[in-house]
Amino acid sequence: MAEDLKTIISHSKEYGFVYPSSEVYEGLSAVYDYGPLGAELKNNIKSYWWKSMVRMHENIVGLDAAIFMHPKIWKASGHVDAFNDPMMDNKDSKKRYRADVLIEDEIAKIEGKIDKEVRKGRKRFGDAFDEEQFKSTHPRVQRYTETIADIKSKLGAAMMADDMTGLRQLVEDLDIADPVSGSRNWTDVRQFNLMFSTQLGNISGENSELYLRPETAQGIFVNFLNVMKTSRQKIPFGIAQIGKAFRNEIVARQFIFRMREFEQMEMQYFIPPGSEMEWYEYWKEQRMKWHLALGTPQEHLRFHKHENLSHYANAAADIEYKFGFGFKELEGIHSRTDFDLKNHQEFSGKKLQYFDPETKENYIPYVLETSIGCDRMFLAMLSESLQEEEVPDASGKKSTRTVMKLHPVLAPVKAAILPLVRNKPELTERARKIFDDLKMHFQCQYDEKDAIGRRYRRQDAIGTPFCLTIDFETIEDDQKITIRDRDSLEQKRVTVEEARDIILKSTNE
Ligand code: ATP
């Protein structure tokens, strides 16, 4: 696991996963472009999510709504009035911050101290170490835990009450300094709306003001009736969507964790009122399973239950991932009640209801939402999979390799086709033929440049789960090729068809 963001950023740049946007013009803050391998990885994340939602559920269907929507939608949803973050400036460094994020960073620091104690404890007690018991009895850890609970409750209360003075006070009480300059000379905290706006056509004025959507969910709500009728669904059913969202984030940092233009994968599940707690538990479990199925260990994932709920929710939890900079939200599971549909019904004057054929009653459905950021998932997968490891080289000596142990389903390239040497046409022609055959089944890369060991390393560094080597035996004797497994480094000789089946099976193509 790569703890250090700098390592991830430079690896991403070097191998063509992620570049700063508009780099030749010195970049654009909190906006990034995905390079050739990044585009593949991102597509694989989206496709894996889409299949698990739409293909695997008869009662979940897809949607691709426009980014621009009628401006009233954002009034009805509460975004025009309430989609704000608390902003403060440091008077010395002139840097701008989110007060709540500064406070959350303090919490992460204390969590880091707990982790350190746990590591020490594990080292000391070895196999007999019981983490839960240690945490609940160790006096220093207990003190840290109490401090975290206290900060969280004060932060939550201030956020709920839109209490900007309270947030300012908390920053002062915790003695938080500007992370860049170390100065404590802050302005007041004030609300900042995160929506980007633009003008429709060439008319300016209030009526023509459009917003770039800050979430994809509203496109689903306003299409609820269209989708239900045309796909002949009955409640409960879901609508899934992947698409861009835009937020004028106050703090641009942590690479693709917090961007101004990003992508969301959201699913709104329409249910009868009163059944929301059951579905909330169901979707929490389903979503956690999805993350675990990709190989992320349980100890890097956790639920964070929201004690202070947003205006639209009656239950909410985040799935948090242990990034190098602490446990942070990766996905939200929200019970949104009938808040959105009710408001759209009121603002549009159109009935947004479901007729229950059994009870013969009309009602506004409740909604259970799962919402995950595709880019955050991308960063989580890079963090989880990128590592340095000692392995024996060709001569049996230990050497260090950089490897991305991505789940094969997500790997940008599934198989590298490598002729042993490049100056023997019999080998390269055969390898090309195998490449042309296999590329019909999954993403392959043909590479004949450099010594075979270096080519293996290059594929390890981009997460390719299988390397297929074509050597003299292939053409002279047995027609078999060598398949090398990225993680175990095991090599075996198989036919091309066998190799294809092994790869298809593990990459789920
Ligand atoms: P945060 O508290 O981190 O700002 P949020 O609670 O505002 O996130 P939601 O509105 O619940 O986030 O959005 C759902 C998901 O969209 C998040 O779990 C996250 O994965 C992703 N997301 C939200 N904002 C951003 C962003 N600026 N950049 C990248 N992904 C984002």
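In this predicted model, helix H7 (residues 139–160) and helix H8 (residues 164–173) have axes that come within 8 Å and cross at roughly 155 degrees. Since angles over 145 degrees count as roughly antiparallel, that crossing makes H7 roughly antiparallel to H8. The handedness of the crossing of H7 and H8 is left-handed. On the H7 side the contact is made by Lys154, Leu155 and Ala158, and on the H8 side by Gly166, Leu167 and Leu170. Sorted by class, the contact of H7 with H8 has 4 nonpolar residues, 1 polar residue and 1 charged residue.

Helix H7 also packs against helix H5 (residues 99–125), the two axes coming within 10 Å and crossing at roughly 165 degrees. H5 and H7 are therefore roughly antiparallel to each other, and their crossing is left-handed. H5 contributes Asp100, Ile103, Glu106, Ile107, Ile110, Glu111, Lys113, Ile114 and Glu117 to this contact, while H7 contributes Arg140, Val141, Tyr144, Thr147, Ile148, Ile151, Lys152, Leu155 and Met159. By class, the contact of H5 with H7 divides into 10 nonpolar, 1 polar and 7 charged residues. Leu155 of H7 takes part in the contact with H5 and also in the contact with H8.

The remaining pairing among these helices is that of H5 with H8. Their axes lie 10 Å apart, and the helices pack at an angle of about 35 degrees. The crossing of H5 and H8 is left-handed. Here Ala99, Asp100, Leu102 and Ile103 in H5 meet Leu167, Arg168, Leu170 and Val171 in H8. The contact of H5 with H8 comprises 6 nonpolar residues, no polar residues and 2 charged residues. Asp100 and Ile103 of H5 appear in this contact and in that with H7. Likewise, Leu167 and Leu170 of H8 meet residues of H5 and belong to the contact with H7.

Two features of the backbone deserve attention. The loop between H8 and strand S6 (190–193) holds Asp175, a residue that is not a glycine and yet has a positive phi of about 60 degrees. Further along the chain, the loop between helix H10 (224–230) and strand S9 (237–246) contains Pro236. The peptide bond from Ile235 to Pro236 is cis, with omega near 5 degrees.

The surroundings of the ligand form a further topic. There are 16 residues around the ligand, and those that come nearest are Phe262, Gly332, Ser371, Gly373 and Arg376. The elements giving two or more residues to this shell are strand S10 (261–271), strand S13 (326–337), strand S16 (366–373) and helix H13 (374–385). S13 supplies the largest share, 4 residues. In chemical terms, the shell around the ligand consists of 4 nonpolar, 4 polar and 8 charged residues.

These parts belong to a chain with 17 helices and 23 strands. The radius of gyration of the chain is 26 Å, close to the 23 Å that the globule rule gives for 509 residues, so the chain is as compact as a globular protein of that length. The C-alpha trace spans about 75 × 60 × 55 Å along the principal axes of the chain.

Terms used: Residues numbered from 1 in each chain as written. Predicted model: local features only at pLDDT ≥ 70, side-chain atom pairs only at ≥ 80, totals over all residues. Near = placed C-beta within 6 Å. Nonpolar A, V, L, I, M, F, W, Y, C, P; charged D, E, K, R; others polar. Axes fitted to C-alpha atoms, helices over the stretch in contact; angles between N-to-C directions. Parallel < 35°, antiparallel > 145°, perpendicular 65-115°, else oblique. Left-handed = near helix turned anticlockwise from the far one by under 90°. Contact = placed C-beta atoms within 7 Å. Rg over C-alpha atoms; globule rule 2.2 N^0.38 Å.
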